[in-house]
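I opened this entry to log what I looked up, contact by contact. Notes follow in the order I checked them.

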Amino acid sequence: MARQVIWTKLIVEEFIHLAKLTEDEEMIMRTRADGWSITKQATTFNMSVSTVNRIIKRLKKKYDAVQKEHPNEFPIRRTSKKEEWMDSH
């Protein structure tokens, strides 16, 4: 993700609930919020890097949809050097 949200436990839990994430999406979301790189996620969950990237892409779309419906609860995604590093490793 090239943009960042400050992920609090409340925001993560509410997003998972409202977006109705799959089990894989939830695993990627939770570890992404914890700062894991794509490589670490792929290795840990026995997925290819491209599969993790596809899931992240879906998560971005789902987040944007949830954010539009609940703009007071969910901040807009912002650019972040930490996210750029996580996307490239």
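Is Glu-25 buried or exposed? I looked up its relative accessibility and got 1%. The cut-off for buried is under 20%, so Glu-25 counts as buried. I note here that the model is predicted.

**Entry: the partners of Glu-25**

I asked next which side chains meet Glu-25 in a salt bridge. Arg-58 is one of them, at 2.8 Å from N to O. Glu-25 sits in helix 2 (residues 23-33) and Arg-58 in helix 4, so this pair ties together parts that are 33 residues apart in sequence. Lys-62 also forms a salt bridge with Glu-25, again listed at 2.8 Å, N to O. That pair links distant parts of the chain too, with Lys-62 in helix 4 and Glu-25 in helix 2, 37 residues apart.

I then checked how exposed the two basic residues are. Arg-58 has a relative accessible area of 39%, so I put it down as partly exposed. Lys-62 comes out at 24% and is partly exposed as well. The buried acid therefore has partly exposed partners in Arg-58 and Lys-62.

I also listed the buried residues of helix 2. They are Glu-25, Ile-28, Met-29, Thr-31 and Arg-32. Just after this helix, I found Gly-35 with a positive phi of about 95 degrees.

**Entry: other salt bridges**

How many salt bridges does the structure hold? I count 6. One of them joins the side chains of Glu-13 and Lys-9, at 3.6 Å from N to O. Both residues lie in helix 1 (residues 9-19), 4 residues apart, about one turn of the helix. I recalled the general rule: an α-helix has 3.6 residues a turn, so residues three or four places apart point the same way.

Accessibility separates the two. Lys-9 is exposed at 64%. Glu-13 is partly exposed at 30%. I followed the shared partners outward from Lys-62 and Glu-25, then turned to another set: Lys-9, Glu-13, Glu-26 and Arg-30 are joined into one network by salt bridges that share partners.

**Entry: Arg-77**

I looked up Arg-77 next. It is found in the loop between helix 4 (49-69) and strand 2 (78-79). Its relative accessibility is 13%, so it counts as buried. What does its side chain contact? I found a polar contact of 2.8 Å with the side chain of Asp-64.

**Entry: aromatic pairs**

The structure holds 5 aromatic pairs. I took Trp-7 and Tyr-63 to begin with. Their ring centres are 5.5 Å apart and their planes stand at 75 degrees, so the pair is edge-to-face. Trp-7 lies in the loop between strand 1 (3-4) and helix 1, and Tyr-63 in helix 4, so the pair ties together parts that are 56 residues apart in sequence. Both Trp-7 and Tyr-63 are buried.

Trp-36 and Phe-45 form a stacked pair, with 6.0 Å from centre to centre and 15 degrees between the planes. Trp-36 is partly exposed, at a relative accessible area of 22%. What lies over the face of Trp-36? I found Lys-40 there, at 4.4 Å from the ring centre.

I also noted one aromatic cluster, formed by Trp-7, Phe-15, Tyr-63 and Phe-74.

**Entry: the nonpolar core**

Which residues touch the most other members of the largest nonpolar core? Of its 20 residues, I noted Trp-7, Phe-15, Leu-21, Ile-28, Met-29, Val-52 and Leu-59. Helix 1, helix 2, helix 3 (38-44) and helix 4 each give two or more residues to this core. Helix 4 gives the most, with 6 residues.

I went back to Trp-7 and listed its contacts. Leaving out residues up to four places away in sequence, it touches Val-12, Phe-15, Met-29, Ala-33 and Tyr-63.

**Entry: Leu-10**

Last, I checked a nonpolar residue in helix 1, Leu-10. Is Leu-10 buried or exposed? At 66% relative accessibility, Leu-10 counts as exposed. In general, nonpolar side chains of soluble globular proteins tend to be buried together. I also looked up the C-alpha separation of Leu-10 and Glu-73 and got 9.9 Å, for residues that are 63 apart along the chain.

Terms used: Residues numbered from 1 in each chain as written. Predicted model: local features only at pLDDT ≥ 70, side-chain atom pairs only at ≥ 80, totals over all residues. Heavy atoms only, no water. Buried < 20%, exposed > 50% of the residue type's maximum accessible area, 1.4 Å probe, protein only. Polar contact = N/O pair within 3.5 Å; in protein donor to acceptor, adjacent residues only side chain to side chain. Salt bridge = Lys/Arg side-chain N within 4 Å of Asp/Glu carboxyl O. Phe/Tyr/Trp six-rings, centres within 6.5 Å; stacked < 30°, edge-to-face > 60°. Lys NZ or Arg CZ within 6 Å of the ring centre and 35° of its normal. Core = buried A, V, L, I, M, F, W, Y, C linked by side-chain atoms within 4.5 Å. Contact = heavy atoms within 4.5 Å.
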